[in-house]
Amino acid sequence: LFRQVVATYFHGDLRCATCRKLEADARTAIERAFAAELADGRVALRAVNVDRPENAHFNEDYKLVTRSLVITEEVDGRVVRWVNLEKIWQLVRDETAYRDYVVGAVRAYLGGPA
């Protein structure tokens, strides 16, 4: 069985400065905290444009109401659990709190201490 934790930032065609910051800061936090896991494939990062017709189903799949960061645990490519990190918009201006929130969520899905 191949188990992977995936952090996916869901965005649209129009990307404001805050939306770009949400994605960039999540990417930086995960790259710094999980370099080994990214290298061996246990963690992955994705960005998905939900305004594209082929990706629109994610809005319903993950109950998206705005631009979002979703953490999934996938086993052999199938999502077995997921969480939408709904506090990212509240924390975007506090880099330390934002980083801790994102890293904690990924770590929890990896099975380590939050």
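Contact here means heavy atoms within 4.5 Å. With that settled, a reminder that what you have in front of you is a predicted model.

I will start with V102. Leaving out residues up to four places away in sequence, V102 touches A26, I30, L69 and L85. V102, I30, L69 and L85 are also among the residues with the most contacts inside the largest nonpolar core, along with I71 and V106. That core has 21 residues. Four elements, β1, α1, β3 and α5, each supply at least two residues of this core. The biggest contributor is α5, which gives six residues. Another core, of seven residues, lies apart from it, and V48, V50, F58 and Y62 are among its members. As background, nonpolar side chains tend to be buried together in soluble globular proteins.

Next, helix α1, residues 17–33. Does its length fit its residue count, and what span should we expect? At 1.5 Å a residue, its 17 residues should span 24 Å, and the end C-alpha atoms are 24 Å apart, so the two agree.

Which residues of α1 are buried? They are T18, C19, L22, E23, D25, A26, A29 and I30. These residues cover an arc of only 165° around the axis, so they sit on the same side of α1. The face turned away from that buried side carries the exposed residues A17 and R32.

What covers the buried residues of α1? The cover includes three strands, β1 (3–11), β2 (43–49) and β3 (68–75). It also includes the helices α2 (35–40), α4 (88–91) and α5 (95–110).

Now the empty space. The count comes to one cavity of 30 Å³ or more. The largest cavity has a volume of about 40 Å³. Its lining is made up of Y9, E23, A26, R27, L45, R46 and L69. Two elements, α1 and β2, give two or more residues to that lining. Of these, α1 gives the most, with three residues. A26 is thus a lining residue as well as one of the buried residues of α1, and V102 touches it.

Last, T8, which is found in strand β1. Is T8 buried or exposed? The relative accessible area of T8 is 6%, and the cut-off for buried is under 20%, so T8 counts as buried. Setting aside neighbours within four places in sequence, T8 is in contact with R46, V48, S68, L69 and V70. Two of those contacts, R46 and L69, also line the largest cavity.

Key
Residues numbered from 1 in each chain as written. Predicted model: local features only at pLDDT ≥ 70, side-chain atom pairs only at ≥ 80, totals over all residues. Heavy atoms only, no water. Expected span 1.5 Å × (residues − 1). Buried < 20%, exposed > 50% of the residue type's maximum accessible area, 1.4 Å probe, protein only. Arc of directions from axis to C-beta. Core = buried A, V, L, I, M, F, W, Y, C linked by side-chain atoms within 4.5 Å. 1 Å grid on protein atoms, 1.4 Å probe; cavity = no way out; pocket = protein on both sides within 12 Å on 5 of 7 lines; lining within 4 Å. Points joined across faces, edges and corners; volume = space filled by probe spheres on them.
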